[in-house]
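Let's take a walk through this model together, starting with the overall picture and then zooming in on a few residues.

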Amino acid sequence: MTTETIVMELVVKGGSARSKAILAIQAAREKNFEKASALMEECRMALLSAHEVQTKLIQEELNGEGETRMSLIMIHGQDHLMNAMTVQDLAEQMIEMYRIMYKNGNSKGDEVL
């Protein structure tokens, strides 16, 4: 795989995962937890696929099978992946927060202070 192909995999899959996580938060806000769960599963699958690309690069370098040239574009791809992973973690927490909030009687999703 060329550097450009690797980066595109990371950017596209990371971007897809991030988008799914944001959509899942929106679904939870609308009390559609089934949709939120499905979107988070899609997010996890996209991240898993992107992470496999990253893991393969690391393993190849560790095994002396080649060294990945670090370039600004490669760093950009890695940034997309890490950003998506962070959004996934936050989405999981926010969805759970919505579950608790709605369960505890705040059925409209009004501000709780």
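## A guided look around

Start with the charges: the chain carries 12 positive and 17 negative side chains, and the centres of these two sets lie 10 Å apart. Keep in mind as you look that this is a predicted model.

Now step back and take in the fold. The chain has three helices and zero strands, so reading from the N terminus the elements simply go α-α-α. The C-alpha trace spans about 60 × 20 × 20 Å along its principal axes. The radius of gyration tells a related story: the chain has 18 Å, where a compact globule of 113 residues would have a value near 13 Å.

How do the parts of the chain meet one another? Of the contacts with a separation of 6 or more, 73% are between residues 24 or more positions apart. Buried residues account for 34% of the 113 in the chain. As for the outside, the accessible surface comes to about 7,300 Å², and carbon and sulfur atoms own 55% of that.

Back to those charges, then. Side chains of opposite charge can pair when their charged atoms come close. How many salt bridges does a search of the whole structure find? The count is six, and a few of them are worth a visit.

One of them joins the side chains of Glu42 and Lys20, at 2.9 Å from N to O. This pair ties together distant parts of the chain, with Glu42 in helix H2 and Lys20 in helix H1 (residues 3-29), 22 residues apart. Glu42 counts as partly exposed because its relative accessibility is 37%, and Lys20, at 23%, counts as partly exposed too.

Another salt bridge brings together the side chains of Glu92 and Arg44, this time at 3.5 Å from N to O. Here again distant parts of the chain are linked: Glu92 sits in helix H3 (residues 72-103) and Arg44 in helix H2, 48 residues apart. Glu92 has a relative accessible area of 33%, so Glu92 is partly exposed. Arg44 comes in at 32%, which makes Arg44 partly exposed as well. There's a third partner to look for here, since Glu41, Arg44 and Glu92 are linked in a network of salt bridges.

For a pairing inside one helix, find Lys56 and Glu60. Their closest N and O atoms are 3.7 Å apart, forming a salt bridge. Both residues lie in helix H2, four residues apart, or about one turn of the helix. Lys56 is partly exposed with a relative accessible area of 45%, and Glu60 is partly exposed at 26%.

Stay in helix H2 (residues 33-62) for a moment and look for Gln54. Is Gln54 buried or exposed? Its relative accessibility is 11%, so Gln54 counts as buried. Which residues does Gln54 touch, leaving aside neighbours within four places in sequence? They are Leu10, Gln78, Leu81 and Met82.

Finally, hop over to Met94, which you'll find in helix H3. With 32% relative accessibility, Met94 counts as partly exposed. Measuring from C-alpha to C-alpha, Met94 and Gln54 are 27 Å apart in space, and 40 residues separate them in sequence.

Key: Residues are numbered from 1 along each chain as its sequence is written. This is a predicted model: local features need pLDDT of at least 70, side-chain atom pairs count only at pLDDT 80 or more; totals for chains, interfaces and linings use all residues. Side-chain values use heavy atoms; hydrogens and water are left out. Helices (H or I, at least four residues) and strands (E, at least two) are DSSP runs, numbered from the N terminus. Buried means under 20% relative accessible area, exposed over 50%, partly exposed in between (1.4 Å probe, protein chains only). Contact means heavy atoms within 4.5 Å. A salt bridge is a side-chain nitrogen of Lys or Arg within 4 Å of a carboxyl oxygen of Asp or Glu. The radius of gyration is taken over C-alpha atoms; the globule rule is 2.2 Å times the number of residues to the power 0.38. Accessible areas come from the Shrake-Rupley method with a 1.4 Å probe; for residues, only the protein chains shown count as cover. Lys and Arg count as positive and Asp and Glu as negative; His and the chain ends are not counted. The place of a charge is taken as NZ of Lys, CZ of Arg, CG of Asp or CD of Glu.
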